[in-house]
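Q: Please take a close look at the surroundings of the ligand in this model, and at the parts of the fold that connect to them. I would like a careful, connected account that I can follow with the structure open beside me.

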Amino acid sequence: MGKPHIRSDEGTAPKGASYSTKSFRAALPEPIRSKGRPAPSSVNPHRLKRRRRARFGRRGKGKVKAVRLIVTGGAGFIGSSFVRHLWRERPDWEIVNLDLLTYAADPESLAAATAASPKHTLVRGDIADADLVQSLFPADAVVNFAAESHVDRSIVKPGLFLRTNVVGTGVLLDAARKFGVGRFLQVSTDEVYGSLGAEGRCSEETPLAPRSPYAASKAAADHLCLSYHHTFGVPALVTRSSNNYGPRQFPEKLIPLLVTNALEGSPLPIYGDGLNVREWLHVTDNCRGILAALERGRPGQVYNLGGGEERTNLEVAGEVLRLLGATAPLIVHVPDRLGHDRRYALDSAKALAELGWRPQFSFGEALAGTVAWYRENEGWWRRIKSGVYREYYARMYPSCVS
Ligand SMILES: NC(=O)c1ccc[n+]([C@@H]2O[C@H](COP(=O)([O-])OP(=O)(O)OC[C@H]3O[C@@H](n4cnc5c(N)ncnc54)[C@H](O)[C@@H]3O)[C@@H](O)[C@H]2O)c1
């Protein structure tokens, strides 16, 4: 299998995209309605349901004929990468991107996409706001990335995770049920399976055993999606990926934390003995898998998307230091995360068999590309790290703050 060329920044314009000077739009749903669509109150949900289903069911040349997609959380790390991926791969699709623009969002990462494609509209708002969510329909499909996504923060403030990840997903599902969609794809995580020992991998049949408030909230959302499929016929499906990495990831997550700290010459905090194992997946591979599941996945099904390459946290830190030519004394062991899961590993055979998906990036090469991106884009992460992030960091890693 040929490896793709690794660019340090994956965003390029689709061929033939028409450029406009229109800047990034952060607006309420008005611009969407103004595109000649009927207001939701005048929509006949039953007729729409049939039309949307038919459109998504048709597989001309392997591509779904969707024209209007609601993406939630599309200003975050994976969601914005997915929007840019669609912009290259499905330039005709109209994307309505609903994002609350929390601390984790990076709307600037979409500015180029929006300038190049008038078919992308960012709506600032909450997935748990039912009126707002319903005003965005009709749609051919929904891909739900929106979430509180950091385990450490879920230990500090679990309630926020329940509201966004569980209640918010429920609100989206209710709207999808009411208006009818061709597909509802829930973006989930390997963490729902819980912690593994040194051996074995989790398949989609493995019972869920989440052990952090974050993982529990994601597991609840997965169950909700599958229950709406079973009970109401909502064509929902779930992807569960392993740990993602790549450009523009918020520096609270392990790889950008290590890289940016090493670039600053600051200590690299490692929880406990550093032997917790994660399976790493480049964000572009996850986006490819999500699109494949959206177009070719079966409603009611779950698809694991694992990167296939396991590393301990200490090994990741060592590789980052080697790539930057820095030295191991920068590593500082800090008290372990509460309830820290030891190992995650996915069996992704079903995604290969049914979706034809397998990761294309190797961890070694793609980590080098990722490190290069952070090295070349210091302004991006320094801006984040100079703000409220400093307080968060001092609270999480007091022994690493001088
Ligand atoms: N990062 C990973 O390694 C990983 C791995 C597997 C699965 N996932 C899942 O993928 C999804 C995206 O993860 P990410 O790393 O890009 O997260 P992220 O934290 O970078 O982005 C989350 C986005 O959701 C938005 N958001 C938060 N609350 C919202 C709300 N109430 N309404 C609307 N938008 C809201 C934020 O503003 C942000 O733009 C999440 O569902 C996460 O659980 C992440």
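A: In this predicted model, the ligand is surrounded by 31 residues, and the closest of them are Gly73, Gly76, Ala104, Ala105 and Ala147. The elements that contribute two or more residues to this shell are the helices α3 (77-89) and α7 (158-179) together with the strands β3 (94-99), β6 (183-189) and β8 (243-245). Of these, α3 gives the largest share, with 3 residues. Sorted by class, the shell holds 15 nonpolar, 12 polar and 4 charged residues.

One of the contributing strands, β8, can be followed outwards into a sheet. This sheet is open and consists of 3 strands in the order β8-β10-β12, with mixed pairing. Because β8 and β12 (309-312) each have a single partner strand, they stand at the edges, and one side of each is left without a neighbour in the sheet. On average, and with direction ignored, neighbouring strands of this sheet are turned by 50 degrees against each other. Between β8 and strand β10, which spans residues 277-282, there are 3 bridges, and the two strands run parallel; within this pairing, Asn243 has Trp280 of β10 as its bridge partner. Helix α10, residues 283-296, packs on the sheet and touches both β8 and β10, its direction making about 70 degrees with that of β10.

Two of the shell elements also lead into loops with a backbone feature that deserves a look. Most residues other than glycine have a negative phi, and most peptide bonds are trans. Arg248, in the loop between β8 and α9 (254-264), has a positive phi of about 70 degrees although it is not a glycine. Arg248 counts as buried, because it has 24 C-beta neighbours inside 10 Å, where 20 or more are required. The loop between β3 and α4 (111-116) holds Leu101, which likewise is not a glycine and has a positive phi, here of about 55 degrees. Leu101 has 14 other C-beta atoms within 10 Å and is therefore partly exposed. A further backbone feature is the cis peptide bond that joins Phe137 and Pro138, with omega at about 10 degrees; Pro138 is found in the loop between α5 (130-135) and β5 (141-144).

The wider setting is the nonpolar interior of the protein. Its largest nonpolar core has 94 residues, and Val143 and Leu258 are those with the most contacts inside it. Helix α8, residues 213-232, supplies the largest share of this core, 8 residues. For Leu258, once neighbours within four places in sequence are left aside, the contacts are with Leu268, Val316, Ala317 and Val320.

As for the protein as a whole, it has 15 helices and 13 strands, and buried residues make up 46% of its 402 residues. Among contacts with a separation of 6 or more, 84% are between residues 24 or more positions apart.

How values were computed:
Residues are numbered from 1 along each chain as its sequence is written. This is a predicted model: local features need pLDDT of at least 70, side-chain atom pairs count only at pLDDT 80 or more; totals for chains, interfaces and linings use all residues. A residue is near a molecule or strand if its C-beta atom, placed from the backbone, lies within 6 Å of it. Helices (H or I, at least four residues) and strands (E, at least two) are DSSP runs, numbered from the N terminus. Ala, Val, Leu, Ile, Met, Phe, Trp, Tyr, Cys and Pro count as nonpolar, Asp, Glu, Lys and Arg as charged, and the others, Gly among them, as polar. A nonpolar core is a set of buried Ala, Val, Leu, Ile, Met, Phe, Trp, Tyr and Cys residues joined through C-beta atoms within 7 Å. A residue is buried if 20 or more other C-beta atoms lie within 10 Å of its own, exposed if 12 or fewer, and partly exposed in between; C-beta atoms are placed from the backbone. Two residues are in contact if their C-beta atoms, placed from the backbone, lie within 7 Å. Two strands pair if DSSP finds at least two bridges between them. Axes are lines fitted to C-alpha atoms, for helices over the stretch in contact, and angles run from 0 to 180 degrees between N-to-C directions.
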